[in-house]
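Trainee: Could we go through this model together? I should like to begin with the charged side chains.

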Amino acid sequence: MRAYKLLGLKRLAVSLLLVFFFASFGSWLVLAKVDPTPKKVIENLVNQVLEVLKDPNLKSPDKRELRREKLRSLVSQIFDLDDISRRVLGRYIRRFNKEQFQRFKELFSKMLESIYLSRIENYSGEKVIFEDQRMLSPTKAAVLTKIVKDGQEIPVEYRLIKRKKDGKWIGYDVVIEGVSLVKNYRSQFYQVLKKKGVDELLAMMEQKVKNLSKQADIKSKNS
Amino acid sequence: MKKQTHSSICIVLLAFTFFFLMNLLYPVDSMALQDQPSVAGTTSDNSDNEDWILGEDYLYEEAEEGLEDISDPLEPVNRVFYHFNDKLYFWFIKPVCKGYNKVMPETARKGIRSFFSNVYTPVRAANCLLQGKLTGFWREIARFIINTTAGGLGFRDAALEDYKVSKSTEDFGQTLGHYGLGFGPYLVIPFIGPSSLRDAAGSVADSFMYPPNYFMDTWESMGRTAFRKINDVSLRLGEYESFKETAIDPYVSIRQAYYQYRLKQVKK
């Protein structure tokens with residue numbers, strides 16, 4: 001009788017153990033799929049970008065626009081233009097009306113694109129080292145990477161925030177050699193907005209975009 | 001038999017702790033689920049009113065919003081010197097560097113850069129000591145010994161290449177910052193570039209720790225500094241241009257970059 005009871009208890013223990021084991025392991029598996037770490041997000045992005053850049057089928061000049069489109073869609077998966085524009089404008093966003101903000105976003109994205117996308121396109125076999133992520137707060141993380149170019153290391157840190165809507169990690173800043181992109185643009189925009197105004201800022205940005213596309217034309221003619 | 005019951009209780013307890021720990025490690029999804037309805041409630045489609053101002057995730061983080069910048073009461077004067085330095089670069093330094101690059105191969109220029117950097121060791125080592133960074137101090141001493149011997153009088157950075165001992169870039173401006181002194185007003189110094197009252201005073205103090213200044217007269221020192229500058233810039237041509245390209249107001253952009261860069265150096 002007692003032995004039988006004990007057997008039952010043992011069986012219960014074993015089955016409980018199995019249930020717990022599978023329950024926790026299963027939830028771990030599901031979570032690992034749903035919630036990639038910030039480091040994984042950046043690693044994925046950088047590797048996909050490098051793949052596009054290394055792709056020999058996309059290297060010819062007539063494929064240039066296609067390649068740009070691919071890079072653009074990759075980057076915009078992680079970096080949300082709307083969110084970054086708000087961060088860059090900070091409290092001065094209150095001086096914009098809806099149309100002006102729309103225009104600002106357009107110009108800002110053109111500016112960033114013609115500056116940074118062309119730099120990415122000049123890729124020539126640099127290596128990227130991924131270092132560990134650092135949590136800045138429960139919803140903010142920094143992923144440190146290093147770009148190795150002729151033996152010199154350029155530290156590039158990606159800052160990510162966990163989006164409240166769906167818990168996805170999205171980028172909100174890039175810090176190159178200790179200089180934050182968002183803070184740098186913010187200081188420039190603040191100064192113009194404080195001393196002049198929204199329309200002047202938009203005019204300045206328009207001018208900048210024009211100059212950049214002119215330079216790009218000269219460069220593509222030379223090469 | 002008692003032993004067996006004990007062991008089964010142990011197993012059950014173990015299972016519980018395992019489960020508990022697993023959920024502690026990955027508590028995220030329950031939190032995310034709790035968050036979702038409230039967010040969905042606040043961002044309903046009434047985008048006609050002022051709600052567009054509030055981004056979904058950018059909900060006015062006070063600390064980030066404040067403009068972190070260096071004080072710049074001398075901006076009009078600084079802007080004049082900024083333009084002076086800018087023209088100096090494009091009209092004088094850059095052409096000179098391009099000519100210099102033609103006569104000097106890159107390896108030689110890198111060697112010269114390492115040589116000057118090795119001679120500068122006493123300044124870095126002293127500032128490590130002043131900030132109580134003993135590891136940094138011994139690294140500098142080790143680097144000096146390795147580079148002066150194995151590195152052929154410092155022309156090769158053998159310490160970094162062979163032993164992975166990197167430089168600790170400390171200066172007196174950082175030492176002052178380490179003990180809590182702020183930047184003071186931002187300064188753009190002709191021929192030298194962005195600085196601040198604290199860092200400019202720091203570099204004057206540093207020049208007293210630099211041995212060659214004691215056996216070279218003023219003109220010789222200036223010539224040496226100019227040569228070092230040309231040699232350094234010749235290895236970094238194009239960097240200034242590409243930095244300037246990103247800015248709508250390069251003066252402010254450089255000021256902000258200087259501020260952030262120095263802030264980070266002091267923190268290290």
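Mentor: B:Lys110 counts as partly exposed, at 33% relative accessibility (buried is under 20% relative accessible area, exposed over 50%, partly exposed in between; 1.4 Å probe, protein chains only). Please note that this is a predicted model, in which local features need pLDDT of at least 70 and side-chain atom pairs pLDDT 80 or more, while totals for chains, interfaces and linings use all residues. Residues are numbered from 1 along each chain, chains are lettered from A and ligands numbered from 1 as written, and side-chain values use heavy atoms without hydrogens or water.

Trainee: With which residue does B:Lys110 form a salt bridge?

Mentor: With B:Glu106, at 3.2 Å between the closest N and O atoms; a salt bridge is a side-chain nitrogen of Lys or Arg within 4 Å of a carboxyl oxygen of Asp or Glu. B:Glu106 is partly exposed too, at 45%.

Trainee: Where do the two lie?

Mentor: Both are in helix 5 of chain B (residues 106-119), four residues apart, about one turn of the helix. A helix here is a DSSP run of H or I, at least four residues, numbered from the N terminus.

Trainee: And which pair links distant parts of chain B?

Mentor: B:Lys244 and B:Asp86 form a salt bridge at 3.2 Å. B:Lys244 lies in helix 13 (residues 239-245) and B:Asp86 in helix 4, 158 residues apart.

Trainee: Is B:Asp86 buried or exposed?

Mentor: Buried, at 5%, whereas B:Lys244 is partly exposed at 24%.

Trainee: Turning to chain A, which residue meets A:Lys105?

Mentor: A:Asp82, at 2.4 Å, N to O.
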